[in-house]
Amino acid sequence: MSEVYLDDRFKGVMLGLALGDAFGYPIELMDYEAICERFEKSGCLDLAVSKRTGTALFTDDTQLSLFTADGLLWAHSAGADDGQVNYEDYIFLAYQVWLYTQTKTVAGKEYAWLFDPVQNAYKLRLLKAKGLYKKRTADTKNIDALLKIRNMAYGTPERRLNDNKDNGAVKRSAPIGLYFYNDTRKAFDMGCRAAAITHGNPVGYIAGGCYAALVAEIVSGAEIEDAVNTVIKLLDSVADGEVLKKTMQYALDLTKNEEITPMDAIKKMGYGFEAYEALAIAVYCAVLHYDSPRHAIQLAANHDGASDTCASMTAALLGAYFGVQGFPKKWVEKLQYKNLISALADKLLKVVYNSDNDSEEEEEEE
């Protein structure tokens, strides 16, 4: 593979997760037989475009990932890199802003200052993107959890608020892997902590940490399968990490099993509705088709389960490896808010390098 520059990898992750999400959105919750009846005999093979907007639309998977990225940028501006504040505080506040876009409310009056430009100096750029207000398979577990969190008392691995372990814990963690790309363990730890804000079951929040760590490893230059092995080894020292360790090892083992079809392999890993299932399917598809992002996304989407989440996570891992040029150019051009997403990727990279030269980016109209 030719050299892939860091800015291409950052954009590859952010645009990739949105592309995979948009690819799987029209077929989410459809079983494979119904997908084949609606599209082609081999399933959905191309990116669908909305007749109303002329773009490929994404779901809450991408929305939450964008707000995770904005939370990290917000934390940086508040001094998190210097240890003055917690990253989780600002990721949580960003999720409250996302909550508002979906419900027109927040968990309590104590969060009203978020929308006051006098009290809140941080530019909430995502509030201007009206397409992000659309409810597209909005994650009820995330919404329900966020609505209950008063006075910043969000969940942590030490103070678990519930037993949630669905894929809402894992699908939003890719930007954390970018922010901490040069420290895989920190990416893992922060991925766990960000997921635990709303998901209290270790199987859920540790999956979020694994996904962030995989992105960090691959962006740093690791081969995809090597990155998976590194994260599996990392779990040796993680309390309650055994389930995710076995899950990812099982996914790797299935890629080497020539006696099973890819579709049957995915069935063995589940539907992707649980966090560990989505992680396993993404690992399997990314490793099996490590040389073809298009085929990996098609496989991750065309099954009986959570097509959008599995395809989104798969595409993010491959985007970390190939950069944005790994995806069909026509797909990238069709993506809703491609300029906004690309701008967020650029801002994350600039922050990593402590650049003071942020430039304002034009935000794309829906």
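Let us start with helix H12 and helix H13 (residues 293-301), whose axes come within 8 Å and cross at roughly 150 degrees in this predicted model. Angles over 145 degrees count as roughly antiparallel, so H12 and H13 are roughly antiparallel to each other. The crossing of H12 with H13 is right-handed. If you turn on the side chains here, you will find Tyr 284, Cys 285 and Leu 288 of H12 meeting Ala 296, Leu 299 and Ala 300 of H13. The residues of this contact divide into six nonpolar, no polar and no charged.

Staying with H12, we can turn to its crossing with another helix. H12 spans residues 275-288 and helix H14 spans residues 307-322; their axes come within 8 Å, with a crossing angle of roughly 50 degrees. That angle makes H12 oblique to H14. This crossing, too, is right-handed. On the H12 side, the contact is made by Ala 278, Leu 279, Ile 281, Ala 282, Cys 285 and Ala 286. H14 brings Thr 309, Cys 310, Met 313, Thr 314, Leu 317 and Leu 318 to the contact. Sorted by character, the residues of the H12 contact with H14 divide into 10 nonpolar, two polar and no charged. Notice Cys 285 as you look: it takes part in the contact with H13, and it is also in the contact with H14.

H14 has another residue worth a visit. Ser 312 is found in this helix. Is Ser 312 buried or exposed? Its relative accessibility is 1%, and since buried means under 20%, Ser 312 counts as buried. Leaving aside residues up to four places away in sequence, Ser 312 touches Gly 16, Leu 17, Gly 20, Asp 21 and Tyr 211. Helix H1 covers residues 6-24, and among the residues that Ser 312 touches are Gly 16 and Leu 17. You can also check the distance from Ser 312 to Thr 59: they are 253 residues apart along the chain, and their C-alpha atoms are separated by 10.0 Å.

Now for the charged side chains. How many salt bridges does the structure hold? There are 14 salt bridges, and a few of them make a good tour. In one, Lys 11 pairs with Asp 346, with the closest N and O atoms 3.7 Å apart. Lys 11 lies in H1 and Asp 346 in helix H16 (residues 338-352), so this pair ties together parts that are 335 residues apart in sequence. Asp 346 counts as partly exposed, because its relative accessibility is 22%.

The loop between helix H5 and helix H6 takes part in two more of these links. Here the side chains of Glu 158 and Arg 193 meet in a salt bridge, at 2.9 Å from N to O. Glu 158 sits in the loop between H5 (140-147) and H6 (174-179), while Arg 193 lies in helix H7 (residues 184-196), so the salt bridge ties together parts that are 35 residues apart in sequence. The partners fall into separate accessibility classes: Arg 193 is partly exposed at 24%, whereas Glu 158 is exposed at 61%.

Arg 160 forms a salt bridge with Asp 240, at 3.6 Å from N to O. Arg 160 lies in the loop between H5 and H6, and Asp 240 in the loop between helix H9 (224-234) and helix H10 (242-255), so the parts tied together are 80 residues apart in sequence. Asp 240 is partly exposed, with a relative accessible area of 47%, and Arg 160 is partly exposed at 43%. Elsewhere, Asp 60, Asp 61 and Lys 171 are linked in a network of salt bridges.

Let us finish with the backbone. Asn 151 is in the loop between H5 and H6. Its phi is positive, at about 55 degrees, although Asn 151 is not a glycine. With a relative accessibility of 59%, Asn 151 counts as exposed. Tyr 337 also has a positive phi, near 55 degrees, in a residue other than glycine. You will find Tyr 337 in the loop between helix H15 (329-334) and H16. Tyr 337 is buried, with a relative accessible area of 2%, whereas Asn 151 is exposed.

Key
Residues are numbered from 1 along each chain as its sequence is written. This is a predicted model: local features need pLDDT of at least 70, side-chain atom pairs count only at pLDDT 80 or more; totals for chains, interfaces and linings use all residues. Side-chain values use heavy atoms; hydrogens and water are left out. Axes are lines fitted to C-alpha atoms, for helices over the stretch in contact, and angles run from 0 to 180 degrees between N-to-C directions. Helices (H or I, at least four residues) and strands (E, at least two) are DSSP runs, numbered from the N terminus. Angles under 35 degrees count as roughly parallel, over 145 as roughly antiparallel, 65 to 115 as roughly perpendicular and the rest as oblique. A crossing is left-handed if the near helix is turned anticlockwise from the far one by less than a right angle, and right-handed if clockwise. Contact means heavy atoms within 4.5 Å. Ala, Val, Leu, Ile, Met, Phe, Trp, Tyr, Cys and Pro count as nonpolar, Asp, Glu, Lys and Arg as charged, and the others, Gly among them, as polar. A salt bridge is a side-chain nitrogen of Lys or Arg within 4 Å of a carboxyl oxygen of Asp or Glu. Buried means under 20% relative accessible area, exposed over 50%, partly exposed in between (1.4 Å probe, protein chains only).
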